[in-house]
Amino acid sequence: MSLFDTRVPAVLLRTDRNPFHHGTLGAVRSLGRAGVDVHVVADCAHSPVRASRYVTGLHTPPPPGASTEEIAAALRRVAARIARPAVLIAMDDACAVAVSRARAELAPAFLLPDQPGSLPERVADKAELAGVCASLGVPHPETLVPDGPAEAARAAWRLGLPVVAKWSRPWLVPPAGGLRSTVLVRSAREAGELYRRAEEAGSRLLLQAFLPPGPDRDWFFHGYADRTGAVRAGGPGRKTRARPRGAGLTAVGRWSPNPQVQALAERVTGELGYRGVFDLDFRRCGATGGYHLLDFNPRPGAQFRLFTDSAGLDVVRALHLDLTHRALPDGVARPGRTFVVENYAPLSALRPAPDGRELAWHAPDDRAPGRALWSLWGRHVAGRLLDRARRRRGRPAAGAPARARVVRQAGAPPADRADPAGRAGLPDRPDDDRAGSH
């Protein structure tokens, strides 16, 4: 007899148009292998996800930047087609916030955690998160929220250059226009210029002290807080390679026991009363040794399948079991296990993994997405190279202000041979590494 109530389908929701969001495929496979029907509400037209044998149905998503009302209307249409209650899983921050706002309206058709109303929006907002950490006594990089260009310049000097600049609600940043959710600014002038684009970005600019990357400094924690608030499934992981180098999403991660990170994650979610799946990013300060909470994502992280225990439980399965009132199996943690995103770290995908490894795209029981990846990825890379060549032909004249370079504080120093240790480059963040993709 299955542990799962297979009468209850799952609906994965994502408005971010990143075609290489491997977390979506991970959720499709995790629940599909358990016998659950999986419906995907996302743009998968040019994504390997659509090739998975475990996708029951593909549905047209609302456009990026859709309002809560538009997202709720799209979900009502999906619910009418499925015609039975389903577990709803938001796969990006924009959708997590919209679902929390529309919870009362969606609840009859969808099963959702009993979450305090505005909590997902509060923790996903980078400026609000700084306040949350201060109220809980949780380490967080010093953060200032300027109210004008001149104050932004002064704040940059006060924090000490370079500083990290973030838009507080990165899911509102328009996909076109050249703005990025997070950038590293190296001058007070850059900080002031960036502030002048706040209206375009759609949210407040905040400036944050930069914690340099280094060996063993970048950590994440994935978990599921059940109906009692207990953290189930998941665990602490260390980012051993990131893309872009030294800054960005996890290209290679390792399940690594860390009592300090575990305790911080459980304390934060417990004191907030959080319920549901979450993904936290930490960086250890080289000077103090303290772990600073950088991001609180109220949704599954893209590499959540790293934390699959001996009973096959991960955070997405825990969510479905808990919301359908099924018991969660007691599995044993599998530290040392690694997760590799093949298109970002192909050499790591070929190396021996004695403690076990999960690949983002390739799987013996679901080969089509892995095959589709390389042709789609090749076209994607060729298009980016062509676009870069066009930009270079139109590069600004000498003396023009340099564009701020992109960095995610959750980034890690490279570990593969192709990326020598200690090198912490901060290249432009690619379009497929937007907020909510990591």
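The exercises below concern one buried histidine and several salt bridges in a predicted model.

In this predicted model, local features need pLDDT of at least 70 and side-chain atom pairs count only at pLDDT 80 or more, while totals for chains, interfaces and linings use all residues. Residues are numbered from 1 along each chain as its sequence is written, and side-chain values use heavy atoms, with hydrogens and water left out.

**Exercise 1.** Describe the surroundings of histidine 320.

Step 1. Locate the residue: histidine 320 belongs to helix H11, residues 315-323. Helices (H or I, at least four residues) and strands (E, at least two) are DSSP runs numbered from the N terminus.

Step 2. Is histidine 320 buried or exposed? Its relative accessible area is 0%, so histidine 320 is buried. Buried means under 20% relative accessible area, exposed over 50%, and partly exposed in between, with a 1.4 Å probe and protein chains only.

Step 3. List the contacts (heavy atoms within 4.5 Å). With neighbours within four places in sequence left aside, histidine 320 is in contact with Phe4, Asp5, Val8, Pro9, Leu31, Val36 and Val87.

Step 4. Look at valine 8 in that list: its backbone oxygen lies 2.9 Å from a polar atom of the histidine 320 side chain.

**Exercise 2.** Characterise the salt bridge between aspartate 365 and arginine 33.

Step 1. Apply the criterion: a side-chain nitrogen of Lys or Arg within 4 Å of a carboxyl oxygen of Asp or Glu. The closest N and O atoms of aspartate 365 and arginine 33 are 2.8 Å apart.

Step 2. Place the partners in the chain. Aspartate 365 is in the loop between strand E16 (357-359) and helix H13 (367-393), and arginine 33 is in helix H1 (residues 22-33); the pair links distant parts of the chain, 332 residues apart.

Step 3. Assign exposure. Aspartate 365 is partly exposed at 29% relative accessibility, and arginine 33 is partly exposed at 31%.

Step 4. How many salt bridges does the structure hold? The total is 25.

**Exercise 3.** Place the salt bridge of arginine 169 and glutamate 121 in its network.

Step 1. The N to O distance between these side chains is 2.7 Å. Arginine 169 sits in the loop between strand E7 (163-167) and strand E8 (182-185), and glutamate 121 in helix H5 (residues 119-124), 48 residues apart.

Step 2. Arginine 169 is partly exposed at 22% relative accessible area, whereas glutamate 121 is buried at 13%.

Step 3. Which residues form the network? Salt bridges link Arg101, Glu121, Asp125 and Arg169.

How values were computed
A polar contact is a pair of N or O atoms within 3.5 Å; within protein, one must be able to donate a hydrogen and the other to accept it, and residues adjacent in sequence count only if both atoms are side-chain atoms.
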